[in-house]
Amino acid sequence: MERESRGMNMAVDESIEAIVARLAATHGDRRGALLPLLHDLQEALGKVDDAAVAAVAAALNLSRAEVHGVVTFYHDFRRAPAGRHVVKYCRAESCQSRGGAAIEAALARRLDVTMGETRADGQVTLEPVYCLGLCAIGPNALVDGAPVARIDGDAAIERIAATVAA
Ligand code: FES
């Protein structure tokens with residue numbers, strides 16, 4: 001089974017069902033366990049794929065459709081593991097009004113990755129995000145979790161590209 005550990009202890013041969021059962025036990029039977037469990041699972045596996053959806057549904061006595069709906073509603077859940085670097089580019093209104101769409105296109109070209117995808121070599125994932133709370137100094141992005149503001153031209157894009165190349 002393909003698996004990437006993201007910091008939680010996991011036996012190498014632990015099945016997805018066993019991982020889900022172990023994580024579910026930490027949340028008990030309290031209401032609202034689904035979202036915390038999904039976050040834990042993504043932390044453990046780097047993704048929440050169809051097998052994980054099925055295991056979570058079984059563990060929480062929910063339908064697969066219910067779990068799938070939550071996974072696809074929230075942008076933070078990934079169906080496949082992210083690249084080594086993650087660039088989250090703001091698509092919300094204020095950044096868009098500052099030329100965000102053109103900058104996004106230039107950034108995607110420079111990084112050689114399509115929005116919402118991971119580059120074939122696994123080096124970078126480009127994802128949309130909707131407002132980082134830095135609206136007055138946009139367009140903005142998060143690069144590996146660190147805010148990058150005033151992405152207003154080639155120099156800023158090159159700085160992001162240099163980070164992603166490391
Ligand atoms: S709209 Fe982009 S940071 Fe708020």
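This is a chat about the sheet, the aromatic residues and some backbone details of a predicted model.

Biologist: Hi! Let's start with the domains. Which ones does the assignment give?

Modeller: Hello! The domain assignment of the protein gives domain 1, spanning 16–73, and domain 2, spanning 85–165. Keep in mind that this is a predicted model.

Biologist: Sure. And how far apart do the C-alpha centres of domain 1 and domain 2 lie?

Modeller: Those centres are 30 Å apart.

Biologist: Okay, on to the sheet. What is the order of its strands?

Modeller: It runs β2-β1-β3-β4, an open sheet of four strands with mixed pairing. The edge strands are β2 and β4, and each of them pairs on one side only. On average, neighbouring strands of this sheet are turned by 25° against each other, direction ignored.

Biologist: In what sense do β1 and β2 pair?

Modeller: They pair in the parallel sense, over six bridges. To pick out one residue, V87 has L126 in β2 as its bridge partner.

Biologist: Which strands does α6 touch where it packs on the sheet?

Modeller: α6 touches β1 and β2, and its direction makes about 165° with that of β1. Helix α7, residues 154–165, packs on the sheet too, touching β1, β2, β3 and β4. The direction of α7 makes about 155° with that of β1.

Biologist: Let me zoom in on H85. Where is H85 found, and is H85 buried or exposed?

Modeller: H85 is found in strand β1, residues 85–90. H85 has a relative accessible area of 11%, so it counts as buried.

Biologist: And what does H85 touch?

Modeller: Leaving aside residues up to four places away in sequence, H85 touches Q123, V124, T125, D144, T163, V164 and A166. For V164 there is a distance to quote: its backbone oxygen lies 3.4 Å from a polar atom of the H85 side chain.

Biologist: D144 is on that list. What is its phi, and where is its place?

Modeller: Phi of D144 is near 50°, a positive value in a residue other than glycine. Its place is in the loop between β3 and β4 (146–148). With 39% relative accessibility, D144 counts as partly exposed.

Biologist: What about the phi of D112?

Modeller: That one is near 60°, again a positive value in a residue other than glycine. D112 is found in the loop between α6 (100–111) and β2. Its relative accessible area is 57%, so D112 is exposed.

Biologist: While we're on the backbone, which residues does a cis peptide bond join?

Modeller: G138 and P139, with omega at about -5°. P139 lies in the loop between β2 (124–129) and β3 (141–143).

Biologist: Change of topic: how many aromatic pairs does the structure hold?

Modeller: It holds two aromatic pairs. F73 and Y74 have ring centres 5.0 Å apart and planes at 85°, so that pair is edge-to-face. Y74 and F77 form an edge-to-face pair as well, with 6.3 Å centre to centre and 90° between the planes.

Biologist: Why does 85° make F73 and Y74 edge-to-face?

Modeller: Because planes over 60 degrees apart count as edge-to-face, and the F73 and Y74 planes are at 85°.

Biologist: Nice. Which residues form the aromatic cluster?

Modeller: F73, Y74 and F77 form one cluster.

Biologist: Last thing: are F73, Y74 and F77 buried or exposed?

Modeller: F73 counts as exposed at 61% relative accessibility. Y74, at 35%, is partly exposed. F77 is buried, with a relative accessible area of 7%.

Notes
Residues are numbered from 1 along each chain as its sequence is written. This is a predicted model: local features need pLDDT of at least 70, side-chain atom pairs count only at pLDDT 80 or more; totals for chains, interfaces and linings use all residues. Side-chain values use heavy atoms; hydrogens and water are left out. Rings of Phe, Tyr and Trp (its six-membered ring) pair if their centres lie within 6.5 Å; planes under 30 degrees apart count as stacked, over 60 as edge-to-face and the rest as tilted. Buried means under 20% relative accessible area, exposed over 50%, partly exposed in between (1.4 Å probe, protein chains only). Domain bounds come from an automatic or database domain assignment. Helices (H or I, at least four residues) and strands (E, at least two) are DSSP runs, numbered from the N terminus. A polar contact is a pair of N or O atoms within 3.5 Å; within protein, one must be able to donate a hydrogen and the other to accept it, and residues adjacent in sequence count only if both atoms are side-chain atoms. Contact means heavy atoms within 4.5 Å. Two strands pair if DSSP finds at least two bridges between them. Axes are lines fitted to C-alpha atoms, for helices over the stretch in contact, and angles run from 0 to 180 degrees between N-to-C directions.
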